[in-house]
Amino acid sequence: MEVNLGDVIMPGDIVKEIAEVMKKETIVLGPGLRREVDTVYAYKAGILKKRDPAIYYVDCYQKRYVPNRGENVVGIITQKAGDIFKVDIGASEHASLSYLAFEGATKKNRPDVQIGDLVFAKLLVASKDMEAELVCVDSHGKEKNLGALTSDGMLFNCSLSLIRKILNPNFSLFNKLAHSQAFEVAAGMNGRIWVKARTIQETIAVANAILAAEYAAPSDIEKLCSNIEKTLLLTQSNNMDES
């Protein structure tokens with residue numbers, strides 16, 4: 001069966017539209033798609049989508065993460081093995097992270113990372129035949145928002161489809177939430193989100209807003225953020241009355 005953009009796609013379907021585009025320009029195949037010679041097949045069930053400039057993928061509801069090179073993930077340090085940290089990224093196997101893969105790290109100046117700590121890292125190597133490898137710097141050796149995450153934040157899990165939704169540049173949730181409160185977010189493509197706000201109540205409110213956005217239409221986002229703001233104001237008012 002041949003399918004096109006926006007269609008529901010099943011494993012084994014041939015994506016004719018992508019095959020035709022490949023003959024004219026360079027494209028990137030994201031999760032759910034695989035190329036064999038000049039034919040592109042789907043190996044996941046979902047909706048065929050495209051992200052500019054030329055990234056094609058299958059949007060599906062999935063909780064198990066399959067590592068892909070270049071993606072940012074939130075990991076948990078589980079073990080120290082010599083110069084390497086073992087990191088749980090929610091995949092079938094742990095990933096490795098060198099202590100030199102942090103900004104400014106040297107043999108004498110090692111990063112202060114302990115077992116149980118959280119890191120926001122990028123996948124440098126991701127292959128079914130090799131152990132996944134992480135780094136906490138970009139190609140210029142700079143952090144660029146990567147690195148260890150503080151313990152006073154909140155970590156929670158969500159579906160991979162929600163991660164793709166909130167990281168879409170056209171999705172306005174974070175911009176609208178930022179109008180009423182200050183917060184930090186690290187969203188990993190592995191379905192883990194770390195949030196930190198000024199208070200515990202605000203942190204929980206931001207987390208609830210993110211989870212509620214999974215099934216909310218774009219037109220409902222402003223109403224969702226307004227409800228969160230009203231709830232926080234009511235909580236703060238009650239706390240002041242009690243004090």
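The exercises below walk through one predicted protein model, each with a worked solution. Residues are numbered from 1 along each chain as its sequence is written, and side-chain values use heavy atoms, with hydrogens and water left out. In this predicted model, local features need pLDDT of at least 70 and side-chain atom pairs count only at pLDDT 80 or more, while totals for chains, interfaces and linings use all residues.

**Exercise 1. Get an overview of the chain.**

Task: State what the chain contains, what its C-alpha trace spans, and where confidence is lowest and highest.

Solution.
- Start with the elements. The chain has five helices and 17 strands. These are DSSP runs numbered from the N terminus: helices are H or I with at least four residues, strands are E with at least two.
- Take the extent next. The C-alpha trace spans about 70 × 50 × 30 Å along its principal axes.
- Check burial. Of the 243 residues, 40% are buried. Buried means under 20% relative accessible area, exposed over 50%, and partly exposed in between (1.4 Å probe, protein chains only).
- Finish with pLDDT, the predictor's confidence in each residue, from 0 to 100. The chain average is 84, and 93% of the residues score at least 70. Strand β1 (residues 2-3) has the lowest mean, 63. Strand β17 (residues 192-197) has the highest, 94.

**Exercise 2. Lay out the sheet that holds β17.**

Task: Give the strand order, the edges and the twist.

Solution.
- Order the strands. The open sheet runs β15-β17-β16, with antiparallel pairing. Two strands pair if DSSP finds at least two bridges between them.
- Find the edges. They are β15 (154-157) and β16 (183-188), each pairing on one side only.
- Add the twist. It averages 20 degrees from one strand to the next. Here axes are lines fitted to C-alpha atoms, for helices over the stretch in contact, and angles run from 0 to 180 degrees between N-to-C directions.
- Look at one pair. Four bridges join β15 and β17 in the antiparallel sense. Leu-155 has Trp-194 in β17 as its bridge partner.

**Exercise 3. Trace the salt bridges.**

Task: Count the salt bridges, then describe three of them.

Solution.
- Apply the rule: a side-chain nitrogen of Lys or Arg within 4 Å of a carboxyl oxygen of Asp or Glu. The count is seven.
- Begin with Arg-192 and Asp-88. Their closest N and O atoms are 3.2 Å apart. This pair links distant parts of the chain, from strand β17 to strand β10 (residues 84-88), 104 residues apart. Arg-192 is buried, because its relative accessibility is 10%.
- Move to Lys-176 and Glu-222, at 4.0 Å, N to O. Lys-176 lies in helix α3 (residues 173-177) and Glu-222 in helix α5 (residues 221-242), 46 residues apart. Lys-176 is partly exposed at 27%, whereas Glu-222 is exposed at 55%.
- End with Lys-144 and Asp-138, at 3.4 Å, N to O. Lys-144 has 59% relative accessibility, so it counts as exposed.

**Exercise 4. Place Val-8.**

Task: Is Val-8 buried or exposed, and which strand holds it?

Solution.
- Locate the residue. Val-8 sits in strand β2 (residues 8-9).
- Classify it. Val-8 is exposed, because its relative accessible area is 56%.
- Set the strand in its sheet. Four strands form an open sheet, β2-β7-β8-β4, with mixed pairing. Its edges are β2 and β4 (28-29).
- Follow the pairing. β2 meets strand β7 (residues 46-51) in the antiparallel sense over two bridges. Ile-47 in β7 is the bridge partner of Val-8.
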